[in-house]
Amino acid sequence: MLNGMQTRRLGSLSVSAIGLGCMGMSEFYGAGDDAESISTIHRALELGCNFLDTADMYGPFTNERLVGRAIAGRRDEVVLATKFGNERRKDGSWVGVNGRPEYVRAACDASLSRLGVEHIDLYYQHRVDPAVPIEDTVGAMASLVQAGKARHLGLSEAGPQTIRRAAAVHPISALQSEYSLFSRDVEAEILPTVRELGIGFVAYSPLGRGFLTGSIKTSADLPEGDSRAGRFPRFAAGNFDRNVALVGIIEQLALTKGCTPGQLALAWVLSRGQDIVPIPGTKRRSYLEQNLAAADVELTGEDIAWLEQNVGEPAGDRYADMSTVNR
């Protein structure tokens with residue numbers, strides 16, 4: 001237990017039961033405030049949330065530097081996760097998915113430098129490169145473990161066969177994929193696969209990219225510069241109102257439980273198994289505190305059954321281009 005927060009295991013790695021996604025501090029969800037973001041990370045550590053999630057592409061490159069500044073002098077308090085593989089240029093333009101071994105090694109060195117650390121606790125391949133055998137990519141990642149630059153390895157949005165092939169090369173501690181009341185496709189094949197192999201599951205966007213907080217009722221509720229409406233079909237006109245209505249159903253139960261809809265949504269993810277760790281993202285201390293309090297929300301079997309019976313499929317795909325996930 002960390003300052004009152006329960007811990008969970010991702011393979012052989014112990015982390016706080018709820019982590020902190022840092023992406024939105026630097027990009028995609030409106031303007032950032034570095035001072036408040038750093039204060040949010042410090043508050044997370046104070047409350048026992050020690051699992052921080054970033055990636056080289058966020059910013060691009062600026063989020064790792066921000067996290068590095070926040071944890072300077074506090075490295076031993078943090079379980080630090082970052083990712084490579086979604087290659088971008090400094091101007092923010094996209095190069096593509098890159099899993100080539102030489103790129104893996106160069107990307108890791110660059111992340112270590114930006115973060116200001118000597119090792120990464122959990123190093124993920126952000127997306128699977130269809131042009132490079134997973135054995136080659138994970139082989140290069142394994143060499144980073146041997147060199148002491150990474151402690152544990154992970155994959156993100158990988159399909160069952162890719163996960164099996166990767167695990168045959170080197171132990172995989174965690175698979176990170178989207179999972180929430182709005183995104184349950186991993187339940188069919190992916191969760192059974194990782195559980196068979198002893199791999200932990202990290203749930204990103206457990207709040208449905210903010211929808212499940214109940215704070216987004218119209219597109220006007222998205223801050224200026226927010227990219228969600230343009231990037232994600234569930235926020236697009238034609239889908240938006242249907243999804244707001246689904247959140248209204250969740251709000252009904254949250255009211256009876258004395259919690260926010262976001263806390264209820266996180267409690268549901270936590271209820272799916274001790275091997276699942278949600279990493280809700282925020283850049284504000286107030287929202288962080290709300291999210292972490294979800295660990296204290298107790299759902300009964302009847303609550304869970306009611307949610308699963310009444311909250312239907314959201315309108316719209318998770319991404320405009322679903323071809324890059326579950327490879």
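In the predicted model, helix α1, which covers residues 34–46, packs against helix α2, which covers residues 62–71, at an angle of about 55°, and the axes of the two helices lie 9 Å apart. The two helices are therefore oblique to each other, and the crossing in which α1 passes α2 is right-handed. On the side of α1 the contact is formed by Asp34, Ser37, Ile38, Ile41 and His42, and on the side of α2 by Leu66, Val67, Arg69, Ala70 and Ile71. Sorted by class, the residues of this contact comprise six nonpolar, two polar and two charged ones.

The length of α1 can be set against the expectation for a helix: at 1.5 Å a residue, its 13 residues should span 18 Å, and the C-alpha atoms at its ends are 18 Å apart, which agrees. Buried positions in α1 are Glu36, Ser37, Ile38, Thr40, Ile41, Ala44 and Leu45. An α-helix has 3.6 residues a turn, so residues three or four places apart point the same way. The buried residues of α1 pack not against α2 alone, for the elements that they meet are β3 (20–21), β4, α2 and α10 (285–292).

The loop that runs between β4 (51–53) and α2 contains Pro60, and the peptide bond that leads from Gly59 to Pro60 is cis, with omega near -5°. Phe61 is likewise placed in the loop between β4 and α2, and this residue has a positive phi of about 75° although it is not a glycine. Most residues other than glycine have a negative phi, and most peptide bonds are trans. With a relative accessibility of 16%, which is under the 20% limit, Phe61 counts as buried. Gly59 can also be related to a residue of another loop, since Asp91 lies between β6 (86–88) and β7 (94–97). The C-alpha atoms of Gly59 and Asp91 are separated by 9.5 Å, and the two residues are 32 residues apart along the chain. Asp91 itself is exposed, its relative accessible area being 64%.

Two further loop residues are buried. His170 is placed in the loop between α5 (160–169) and β10 (174–178), and at 17% relative accessibility this histidine counts as buried. When its neighbours within four places in sequence are left aside, the residues in contact with His170 are Val138, Ala142, Val145 and Leu153. Arg209, in turn, is found in the loop between β11 (200–204) and α7 (228–231), where its relative accessible area of 8% makes it buried. The phi of Arg209 is near 55°, a positive value in a residue other than glycine.

Farther along the chain, helix α8 covers residues 240–257, and its 18 residues, at 1.5 Å a residue, should span 26 Å; the C-alpha atoms at its ends are 26 Å apart, in agreement with that expectation. The buried residues in α8 include Phe240, Asn243, Val244 and Leu246, together with Val247, Ile250, Leu253 and Ala254. Among the elements that cover these buried residues are α9 (261–271) and α11 (301–310). Just after α8, Gly258 takes a positive phi of about 70°.

The helices α9 and α11 also pack against each other, at an angle of about 110° and with their axes 11 Å apart, which makes α9 roughly perpendicular to α11. In this contact Leu264, Trp268 and Ser271 of α9 meet Ile304, Leu307 and Glu308 of α11, and by class the residues are four nonpolar, one polar and one charged. The loop between α9 and β12 (276–278) holds Gln274, which is exposed, with a relative accessible area of 58%. Apart from its neighbours within four places in sequence, Gln274 is in contact with Arg8 and Arg9. Gln274 and Ala237, which are 37 residues apart in sequence, lie 37 Å apart in space from C-alpha to C-alpha.

Notes: Residues numbered from 1 in each chain as written. Predicted model: local features only at pLDDT ≥ 70, side-chain atom pairs only at ≥ 80, totals over all residues. Heavy atoms only, no water. Axes fitted to C-alpha atoms, helices over the stretch in contact; angles between N-to-C directions. Helix = DSSP H or I, 4+ residues; strand = E, 2+ residues; numbered from the N terminus. Parallel < 35°, antiparallel > 145°, perpendicular 65-115°, else oblique. Left-handed = near helix turned anticlockwise from the far one by under 90°. Contact = heavy atoms within 4.5 Å. Nonpolar A, V, L, I, M, F, W, Y, C, P; charged D, E, K, R; others polar. Expected span 1.5 Å × (residues − 1). Buried < 20%, exposed > 50% of the residue type's maximum accessible area, 1.4 Å probe, protein only.
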